[in-house]
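Me: I've got a model open and I'd like to go through the labels people put on it. Can you take my "why is it called that" questions in turn?

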Amino acid sequence: MPISLNHTIVEAHDNGREARFFADIMGLNYAGPERHFAPVRVNGSLTLDFLTVDRPTGHHLAFDVDPTTFDAVLGRLRSASIPYGNDPRTPDNGRTDHPLCARGLYFTDEAGNLYELMSPA
């Protein structure tokens, strides 16, 4: 069996609120908390398990997405007036020209997690 990432913990101020935020922006389903985690299934093999902690440190999570998904996420960010940008140091500059791919963007949640999307076109 090849190595694949099954899940990762994403620190949050409020696990349910930040799991819902991520799921809504990414167009994913969120069914609610399970025990002390608020899981969001990203694909068939990966779950982000949001966990409420006193002082979230913020992580950088990068996703390859197809152009259709990129456009949908960008539309949801714009509709919700959520800042995004093409640079992790300025994730609010409103740009999508990414140095590593045709189009890409970063956005953050209230816990300081930095989400990166990269699209080939």
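What follows is a string of questions about those labels, each answered from the computed values.

Me: First off, what kind of model is this?
Reply: It's a predicted model.

Me: Let's start with the helices. Why are α1 and α2 called oblique to each other?
Reply: Helix α1 (residues 15–26) and helix α2 (residues 67–79) pack at an angle of about 120°, with their axes 8 Å apart. Roughly perpendicular covers 65 to 115 degrees and roughly antiparallel needs over 145. The angle of about 120° fits neither label, so the two helices count as oblique.

Me: Which residues make that contact, and how do they divide?
Reply: On α1 you have D24, I25 and M26, and on α2 there are V73, R76 and L77. They split into 4 nonpolar, no polar and 2 charged. Asp and Arg are on the charged list, while Ile, Met, Val and Leu are on the nonpolar one.

Me: On to the sheets. What makes β4 and β5 edge strands?
Reply: Their sheet is an open one of 3 strands, ordered β4-β6-β5, with mixed pairing. Both β4 (60–64) and β5 (103–108) have a single partner strand, so each has one side without a neighbour in the sheet. Neighbouring strands here are turned by 15° against each other on average, ignoring direction.

Me: How do you know that β4 and β6 count as paired?
Reply: Pairing takes at least two bridges. β4 and strand β6 (residues 114–119) have 5 bridges, in the parallel sense, so they count as a pair. For one position to look at, D64 has M118 in β6 as its bridge partner.

Me: Where do the two helices sit on this sheet?
Reply: α1 packs on the sheet and touches β4, β5 and β6, its direction making about 160° with that of β5. α2 packs on the sheet too, touching β5 and β6, and its direction makes about 40° with that of β5.

Me: What about the other sheet: which strands are at its edges?
Reply: That one is also open, with 3 strands in the order β1-β3-β2 and mixed pairing. The edge strands are β1 (7–12) and β2, since each pairs on one side only. Neighbours in this sheet are turned by 25° against each other on average, direction ignored.

Me: And what makes β2 and β3 a pair?
Reply: The same cut-off of at least two bridges applies. β2 and β3 are joined by 5 bridges and run antiparallel, so they count as paired. F37 is the residue standing opposite L51 in β3.

Me: Now the rings. Why is the pair of F22 and F50 called tilted?
Reply: Their centres are 6.0 Å apart, with 45° between the planes, and the pairing limit is within 6.5 Å. Stacked needs planes under 30 degrees apart and edge-to-face over 60. An angle of 45° is neither, so the pair is tilted. It links distant parts of the chain: F22 is in helix α1 and F50 in strand β3 (residues 47–52), 28 residues apart.

Me: What makes F22 and F63 a tilted pair as well?
Reply: Their ring centres are 5.8 Å apart and the planes are at 40°, so tilted is the label again. This pair also links distant parts of the chain, with F22 in helix α1 and F63 in strand β4, 41 residues apart. Both F22 and F63 are buried, and so is F50.

Me: How many aromatic pairs are there, and which residues form the cluster?
Reply: The structure has 5 aromatic pairs. F21, F22, F50, F63, F107 and Y115 form one aromatic cluster.

Me: Why is R17 called partly exposed?
Reply: R17, in helix α1, has 43% relative accessibility. Buried would be under 20% and exposed over 50%, so R17 falls in between and counts as partly exposed.

Me: Last one: what makes R35 and S81 stand out in phi?
Reply: Most residues other than glycine have a negative phi. R35 has a positive phi near 55°, and S81 has a positive phi near 55° too. R35 is in the loop between α1 and β2 (37–41), and S81 is in the loop between α2 and β5. The cut-off for exposed is over 50%: R35 has a relative accessible area of 74% and S81 has 65%, so both are exposed.

How values were computed: Residues are numbered from 1 along each chain as its sequence is written. This is a predicted model: local features need pLDDT of at least 70, side-chain atom pairs count only at pLDDT 80 or more; totals for chains, interfaces and linings use all residues. Side-chain values use heavy atoms; hydrogens and water are left out. Axes are lines fitted to C-alpha atoms, for helices over the stretch in contact, and angles run from 0 to 180 degrees between N-to-C directions. Helices (H or I, at least four residues) and strands (E, at least two) are DSSP runs, numbered from the N terminus. Angles under 35 degrees count as roughly parallel, over 145 as roughly antiparallel, 65 to 115 as roughly perpendicular and the rest as oblique. Contact means heavy atoms within 4.5 Å. Buried means under 20% relative accessible area, exposed over 50%, partly exposed in between (1.4 Å probe, protein chains only).
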